[in-house]
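Me: I've got a structure to look at and I'd like to understand the words people use for it. Can we go through them together?

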Amino acid sequence: MREALPEFGRKIRGYDMFDAVMTGVETRTSSPLRITRGDDCQSLNVRGLYPAGEGAGYAGGILSAGVDGIKVAEALALDMLN
C-alpha cells in the first residue's frame, strides 16, 4: 500500500492527498481468504491496518460489509481516544 497509493495518485490526481487521515482500499469481489485481525479490529501482522468488509473476508454482501465497516470505525475511534 505504501508504494501503490502514490502510484495510483499519479494516475488519479488527489487520490493520495498528503493530509489524508485515513485511506480505504476497496476491492470488487469477496475475498477467498481472511486478513486476520484482533479484538481491536487491527491486523495481527500490521499495526494500524484495519481490514474490513468483503475484501478482507469479514462480510458476504453490501449490508454485512457496511455493518463491519461501522464496527471497525468504532474500534478505530476508540484506539484514537486512548
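Me: How many helices and strands are there in the chain?
Reply: This is a predicted model, and its chain has two helices and zero strands.

Me: Why is Arg-37 called buried?
Reply: Its relative accessibility is 13%. Buried means under 20%, so Arg-37 counts as buried.

Me: What makes the contact between Arg-37 and Asp-68 a salt bridge?
Reply: The closest N and O atoms of the two are 2.6 Å apart. The rule asks for a side-chain nitrogen of Lys or Arg within 4 Å of a carboxyl oxygen of Asp or Glu, so the pair fits. This pair links distant parts of the chain, 31 residues apart: Arg-37 sits in the loop between H1 and H2, and Asp-68 in helix H2.

Me: And Asp-68, is that one buried or exposed?
Reply: Buried: its relative accessible area is 7%, and the cut-off is under 20%.

Me: How do you know that Arg-10 and Glu-7 form a salt bridge?
Reply: Their side chains meet at 2.7 Å, N to O. The limit is 4 Å, so this pair counts too. Both residues lie in helix H1, three residues apart, which is about one turn of the helix.

Me: Why is Arg-10 called exposed, and what is Glu-7 called?
Reply: Exposed means over 50%, and Arg-10 has a relative accessible area of 62%, so Arg-10 is exposed. Glu-7 has 35%. Partly exposed runs between the 20% and 50% cut-offs, so Glu-7 is partly exposed.

Me: What about Asp-40 and Arg-47, how do their side chains meet?
Reply: In a salt bridge, at 3.0 Å from N to O. Asp-40 is partly exposed at 30%, while Arg-47 is exposed at 58%. By this rule the count comes to three salt bridges.

Me: Why do such side chains pair at all?
Reply: Side chains of opposite charge can pair when their charged atoms come close.

Me: Why does Tyr-15 count as partly exposed?
Reply: Tyr-15 has 33% relative accessibility, and that falls between the cut-offs of 20% and 50%, so partly exposed is the right word. Tyr-15 is found in the loop between helix H1 (4-11) and helix H2 (62-81).

Me: Which residues form a nonpolar patch on the surface?
Reply: Phe-8, Ile-12 and Tyr-15 do, with about 250 Å² of accessible area together. A patch residue needs over 30% relative accessible area, and Tyr-15 passes with its 33%.

Methods:
Residues are numbered from 1 along each chain as its sequence is written. This is a predicted model: local features need pLDDT of at least 70, side-chain atom pairs count only at pLDDT 80 or more; totals for chains, interfaces and linings use all residues. Side-chain values use heavy atoms; hydrogens and water are left out. Patches are made of residues with over 30% relative accessible area and no salt bridge: like charges are joined within 9 Å, nonpolar side chains (Val, Leu, Ile, Met, Phe, Trp, Tyr) within 5 Å. Accessible areas come from the Shrake-Rupley method with a 1.4 Å probe; for residues, only the protein chains shown count as cover. Helices (H or I, at least four residues) and strands (E, at least two) are DSSP runs, numbered from the N terminus. Buried means under 20% relative accessible area, exposed over 50%, partly exposed in between (1.4 Å probe, protein chains only).
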